[in-house]
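Student: I have a protein model to look at, and I would like to reason through it step by step. Could we take the questions one at a time?

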Amino acid sequence: TVLADNPVFYYRLGESSGATTAYDEVAQAANGTYYNTPDLGETGAISGDSNTAVKFNEANGEYAETVTLTSETSLLPCTIECFLKTDGASDSNAGIVFIRGSTPASGLNMYGSSTSVRRLGYHWDDAGQTYGFDDGPTFADDTWYYVALVIESTKATFYMIDESGTTNTATKTLTHSAINVSSDEWTLARDPLSAGRSFNGTIDEVAIYDQALSQSTIEAHAAAAGFSS
């Protein structure tokens, strides 16, 4: 279902314990890397699928890096999707699927004071009105959610779908600029700025698209994983 919608990369994160390579389902040459030995082989989000997930411990600064998308010099629109399950508090501003370096800070993250509130946030082109957006969906610990962030020129839309198929959305109306991501890897489970911005929990099935997926397509992805009524 994911591959049919042409992601630029797709990491299932199903590697066995001890592996250091995160395999890309789109192109083998685009494989990523695990750092600081996160827990591989954890039970994944998809119902009835033996493919596993990865648990990241923020206290150990565990994370993964994807391939660098060298052809993506002007990324907009963009969709980021994954499944996640928090396990206690993440660091404030913890990265989930995030990029920073030559690229201004951009991506999906935990919002601000996420140590007390489990809330999704985002950055785009390091603009204050993006990382200052505090109305993203909230969620509970120890529960799988499908989440997606769709960035378009005039708005950003969050989608959070629980295992019952209930969809929660939040929208920030704002002008977004295209970003050049051709020189940096995307980082899973932390902000590359600092190990002090690390995610605490399990992540599965990470994909990025250079298109704005519709709500019906997003809900179809979640339903294919069993997240439906």
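Tutor: Let us begin with a definition: a residue counts as buried when its relative accessible area is under 20%, as exposed when that area is over 50%, and as partly exposed in between. Please keep in mind that this is a predicted model.

Student: Is Glu 205 buried or exposed?

Tutor: The relative accessibility of Glu 205 is 4%. The cut-off for a buried residue is under 20%. Because 4% falls under that limit, Glu 205 counts as buried.

Student: Which residue meets the side chain of Glu 205 in a salt bridge?

Tutor: Side chains of opposite charge can pair when their charged atoms come close. Here the N to O distance is 3.0 Å, and the pair links distant parts of the chain, with Glu 205 in strand β17 and its partner in the loop between β1 and β2, 193 residues apart. That partner has a relative accessibility of 18% and so counts as buried. The residue that meets Glu 205 in this salt bridge is Arg 12.

Student: Which residue is linked with Arg 12 and Glu 205 in a network of salt bridges?

Tutor: Arg 12 and Glu 205 meet in a salt bridge, and both belong to a network that includes one further name. The residue linked with them is Asp 49.

Student: How many residues apart are Lys 55 and Asp 87?

Tutor: Lys 55 forms a salt bridge with Asp 87, and their closest N and O atoms are 3.0 Å apart. Lys 55 belongs to strand β5, whereas Asp 87 sits in the loop between β7 and β8, so that the pair links distant parts of the chain. Lys 55 is partly exposed at 26%, and Asp 87 is partly exposed at 32%. Along the chain, the two residues are separated by 32 residues.

Student: What is the relative accessible area of Asp 191?

Tutor: The side chain of Asp 191 meets that of Arg 197 in a salt bridge, with 3.3 Å from N to O. Arg 197 counts as partly exposed, at 23% relative accessibility. Asp 191, by contrast, is buried, and its relative accessible area is 0%.

Student: How many salt bridges does the structure hold?

Tutor: We have looked at several pairs, among them Lys 55 with Asp 87 and Arg 197 with Asp 191. For the structure, the number of salt bridges is 6.

Student: Where is Asn 93, whose phi is near 60°?

Tutor: A phi near 60° is a positive value, and Asn 93 is a residue other than glycine. At 19% relative accessibility, Asn 93 counts as buried. Its place is the loop between β7 and β8.

Student: Which peptide bond is cis, with omega near 0°?

Tutor: The bond leads to Pro 77, a residue found in the loop between β6 and β7. With omega near 0°, the cis bond is the one from Leu 76 to Pro 77.

Student: Which strands are the edge strands of the open sheet of 7 strands?

Tutor: Strands of a sheet pair through backbone hydrogen bonds, either parallel or antiparallel. In this open sheet the pairing is antiparallel, and the order is β2-β3-β6-β14-β8-β9-β10. An edge strand pairs on one side only, and the two strands that do so are β2 and β10.

Conventions. Residues are numbered from 1 along each chain as its sequence is written. This is a predicted model: local features need pLDDT of at least 70, side-chain atom pairs count only at pLDDT 80 or more; totals for chains, interfaces and linings use all residues. Side-chain values use heavy atoms; hydrogens and water are left out. A salt bridge is a side-chain nitrogen of Lys or Arg within 4 Å of a carboxyl oxygen of Asp or Glu. Helices (H or I, at least four residues) and strands (E, at least two) are DSSP runs, numbered from the N terminus. Buried means under 20% relative accessible area, exposed over 50%, partly exposed in between (1.4 Å probe, protein chains only). Two strands pair if DSSP finds at least two bridges between them.
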